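Hi,

Here is the structure I promised to pass on. Please open it first, then read my notes below.

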Amino acid sequence: MDVTIVIPTKNGGELLDRVLAAVFSQKTQYTYEVICVDSGSKDNTLDIIRKYDCKLYQIPPSDFGHGKTRNYGAFKGTGTYIIFLTQDALPAAETWLQNFIDAMKLDSDIVGGFGIHYPYEDCNIFEKRDLDGHFKGFGLDNTIYFLEDPKRYKEEEAYRHKLAFFSDNNSCVRRDVFEKYPYEDVNFAEDQLWAIKMIELGYKKVYCPFAPVYHSHNYPIGTYFSRYYDEYKGLYELHRYKLVDRWYHLPRYTWNHIRGDYHYLKSITLPRKEKVKWLIYSIRKNHCRYFGGYLAGRYADWSPKKQQRIDRLISQQYKQIHA
């Protein structure tokens, strides 16, 4: 088998149906298998999976972990390459799989790759802007990254972040290396933790803009607060990065981001009423971003008892695992 595609699922609904239909419609010379690991779906997810030629494994919600669940699915397969998808990441081309593996074969030292994310049609305008800018920053063609400047890596945070970025919403790893260095069992950023380990061991990663998926979110504002808390907690564990290091910096940091969104709204053509709506959205979302990031940066200083209490109140990951 050339490729094992691993998709963790839980209440994936009709979008999962579209994802699987796209996966099984690929035009490729490579042989592939699809493994779904479900952690307690209560909708029609299991029926959807059984419509396709998938291998289905079921685990209790309490056993779910971003790293260990993907490891579990990967080790159930036999493919030389392992592709990780999420249930809401829809392959956007019939050559997605072919292009991904071709990119992985560009250099014998490449052990991981990630593809571009396109926004869904209903994606909010700020995430569309951010997704476009983020992935353009990695290049317009297949681009290989490796640790070519250790001094810069040590001193420059932005360079470290660029080398570490890896998204298993749409990623590929080489099995022979992944079996020696599987994901760690962490609450968040298991993909970037793995990537930075590979980079520091001297391996390479490839960015493939020709392996696209549709992947974006429109969460309720309260959900953004939970997600930002989890995201920045993961970034602290990975890079010791704090979005906000002092509470009295919160107003300035939040205002600066809102001001940037305001100038962006001024630069695009939209009815005035729409611009006002999106400005209010920016104000609310950025309050969630910076307050969630501030709490995440303080997490390591709390007692285990307080950590658990705050996680129970805020963390989306905690709620998913203990659902």
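**The largest cavity**

V111, G112, L163, F166, W194, A195, M198, I199, Y203, K204 and K205 line the largest cavity. Keep in mind that this is a predicted model. The space inside the largest cavity is about 50 Å³. Three elements each give at least two residues to its lining: β6 (110-118), α9 (190-200) and β9 (204-214). Helix α9 gives the most, with four residues. By class, the lining of the largest cavity has eight nonpolar residues, one polar and two charged.

**The second largest cavity**

The count is two cavities of 30 Å³ or more. The second largest holds about 40 Å³ of space. Its lining is made by F126, R129, D130, H257, D261, K285, N286 and R289. Here α5, α11 and α12 (272-298) are the elements that give two or more residues. Five residues of this lining are charged, two are polar and one is nonpolar.

**Where two helices meet**

Now look at helix α5 (residues 125-136) and helix α11 (residues 250-267). They pack at an angle of about 95°, and their axes are 11 Å apart. Angles of 65 to 115 degrees count as roughly perpendicular, so α5 and α11 are roughly perpendicular to each other. On the α5 side, I125, F126 and R129 make the contact. On the α11 side, G260, D261, Y264 and L265 do. Four residues of this contact are nonpolar, one is polar and two are charged. F126, R129 and D261 belong to this contact, and they also line the second largest cavity.

Best wishes

Key
Residues are numbered from 1 along each chain as its sequence is written. This is a predicted model: local features need pLDDT of at least 70, side-chain atom pairs count only at pLDDT 80 or more; totals for chains, interfaces and linings use all residues. Side-chain values use heavy atoms; hydrogens and water are left out. Axes are lines fitted to C-alpha atoms, for helices over the stretch in contact, and angles run from 0 to 180 degrees between N-to-C directions. Angles under 35 degrees count as roughly parallel, over 145 as roughly antiparallel, 65 to 115 as roughly perpendicular and the rest as oblique. Contact means heavy atoms within 4.5 Å. Ala, Val, Leu, Ile, Met, Phe, Trp, Tyr, Cys and Pro count as nonpolar, Asp, Glu, Lys and Arg as charged, and the others, Gly among them, as polar. On a 1 Å grid over the protein atoms alone, a cavity is a set of points where a 1.4 Å probe fits but cannot get out, and a pocket is an open set with protein on both sides within 12 Å along at least five of seven lines; lining residues have an atom within 4 Å of a point. Grid points are joined across faces, edges and corners, and a volume is the space filled by probe spheres set on the points.
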